[in-house]
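Hi everyone, thanks for making time for this. I'd like to walk you through some strand pairings, so let's put the model up on the screen.

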Amino acid sequence: MANFSSSVYSASVAALRRLYYKYSCEEAQVPIFVDAALYERYNALSGERYLKAVDRSGNVLVVRPDATFHVLSKTAGLTEPSRIFYTTELIRYNGSVMQEVTQTGAEFFGDPSALCDCEVVSLAIESLLEMGLTEIRVDIGHSGYINSLLSEDESLDPRAHDVINRHIAKKNSIGLADFFSQTSVKAEVASAAIEICMLFGGYSEVLSRAKQLCLNEGMAASLDNLNEIASLLSKRGHGDGVFLDLGFSNWMDYYSGMIFKAYAHNASREVISGGRYDSLAQKLGNIQHASGFGHDLDITLPIAEHTIRQEAAVKCCAPKGNFEQAALWADELRKAGWPAEALESESAAHLRYKEKYYQSTKEFLADWS
Amino acid sequence: MIRIALAKGRVSDSVLEILKGKGIEFGDEKDDRKLILHEPEGKYELILVKPQDTPTYVEQGVAECGIVGRDIVMEQDSDVYQLFSLEAAKCKLCLAGKPGGRLERYSNIKIATKYTSSAEAFLEQKGVGFELIKLNGSVELAPILGMSDAIIDIVETGNTLRANGLEIWEDICEIQCVFIANKAALKTRHKELSELISCLYEGKV
């Protein structure tokens, strides 16, 4: 059961939609089904977490547990850069419990630049501000940093990469040390991987230590890319809230570049996750470049309940028998862009409106009446 | 104020001693019916919870951090950060069976255990075929009664194994208390959490 009211949902989604349009994004419908075989081959979500359906021909389909993947499956072969956004319900299993998850997000296709990544992160930050969330913190990392580190030791097979990435994702240096003690991994790779678990925090300090840990050009190039994105974010005025976390790992091979997570005051987990996922877009949608994010509305909407400005419909109420007057008032308001309801009543003789309204609505009404 | 979820029992006994040694005391800790303990300065609040539930309180953000046996965290795969271990309530996860047995003698081994996830990870890494039998306690009975070839279980002193005619075949990993943190809290409450972390952990955080 969603822990937010339908009015806060409508107000938030409307505010986000306006913001997405300002970033030149077009709204996309997220298909409900995709082919299960394709899904299982590429998607990052564990098979135990999604609902399957069988069509009349016996094909097994997956019922929308993730939006990005489904959008990609519909935008295959796109050649021009494009930006889309979506708001949708996802179906996921948490253990044996089926859950409906409300998610919104944006995907920028066809642009490999750091500027594009900066736009994605900026949009994510501004979408939280738009909902009135405060004390926003964004941590950025790079999948290439750990991948390049692990490429230093050719004895590490894909399974070992998976175990190491899983431990790093949980900042589990104990598990990582146990794993390395049972393998013959190069000592400098092992010690760097263990340190990377906790390599997060203030931008300059972490970047400086991350540079010292670089064992090859791939690691250095990842940091250069992050530095470029962070510098652009700073120029956009978002520098203060941006931190580094080099321990964002690329578990399940989803991301292929910058990775970021946004946190907000009073939220029990990250509210936005995103990053660049060129390889997945190439494999799945034949799209060369993709960067985007998913925003967990189930976490932010209950917080926005106290922060978002809600546009309650203005009740235009005329005395009994004077409905035309009420309708005229309501139409005036609607033309001016406000939601309005025309009513007639024996008790009320004039305008009245709900307790929650825009200050500007009130001012407008004062002028208008 | 930072809320710490602490696994009741063996872990809480040791950790309360450690915290006391670091100057963090909870005045009402002697009353073992109390589930919430307050530190007089108001910086910390302890909630005493069932060991298996500790990661859940932290994952859900009800507590910013927690301290629990590593066996619980390994088994549950909860979505929390596992930051470091504490030198408390130490024991080990072992493969054990009848005297003289060895894992290498089996191409396919039948194992009884309460710790199925950890057992699966260990046996997969060893590359041996296996069948797991989930038991919730008195695991030592399984090889004695021929229900399994061996067991994977927590061993503290080894007395229970010896009393039932079993021995350790192989140590799998050390089990101590681990300090876990809510993923968002580690970022949004970093300053307050680092103070506690630095107090409990000598390394750099």
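Start at A:Gly275, please: its bridge partner is A:Gly292, which sits in S12(A). One word of caution as you look: this is a predicted model. That glycine pair belongs to a wider contact, since strand S12, residues 290-296 of chain A, pairs with S11(A) in the antiparallel sense over five bridges.

Now look at S11(A) from its other partner, strand S10, which covers residues 258-263 of chain A. Here too the pairing is antiparallel, over four bridges. If you want a spot to click on, A:Phe260 stands opposite A:Gly274 in S11(A).

So is strand S11 of chain A largely enclosed or largely open? Four of its five residues, in the stretch 272-276, are buried, and therefore the strand is largely enclosed by the rest of the structure. Buried here means under 20% relative accessible area.

Let's move to another part of chain A. There you'll find an open sheet of three strands in the order S2-S4-S3, with antiparallel pairing. Its edge strands are S2 (33-35) and S3 (52-54) of chain A, each pairing on one side only. On average, neighbouring strands of this sheet are turned by 40 degrees against each other, direction ignored.

Zooming in, S2(A) and strand S4, residues 60-63 of chain A, run antiparallel and are joined by three bridges. A:Asp35 stands opposite A:Leu61 in S4(A).

Finally, which helix lies across S2 and S4 of chain A? That's helix H3, residues 67-74 of chain A, running at about 75 degrees to S2(A). Thanks, everyone!

Technical notes. Residues numbered from 1 in each chain as written. Chains lettered and ligands numbered in written order. Predicted model: local features only at pLDDT ≥ 70, side-chain atom pairs only at ≥ 80, totals over all residues. Heavy atoms only, no water. Buried < 20%, exposed > 50% of the residue type's maximum accessible area, 1.4 Å probe, protein only. Helix = DSSP H or I, 4+ residues; strand = E, 2+ residues; numbered from the N terminus. Pairing = 2+ DSSP bridges. Axes fitted to C-alpha atoms, helices over the stretch in contact; angles between N-to-C directions. Contact = heavy atoms within 4.5 Å.
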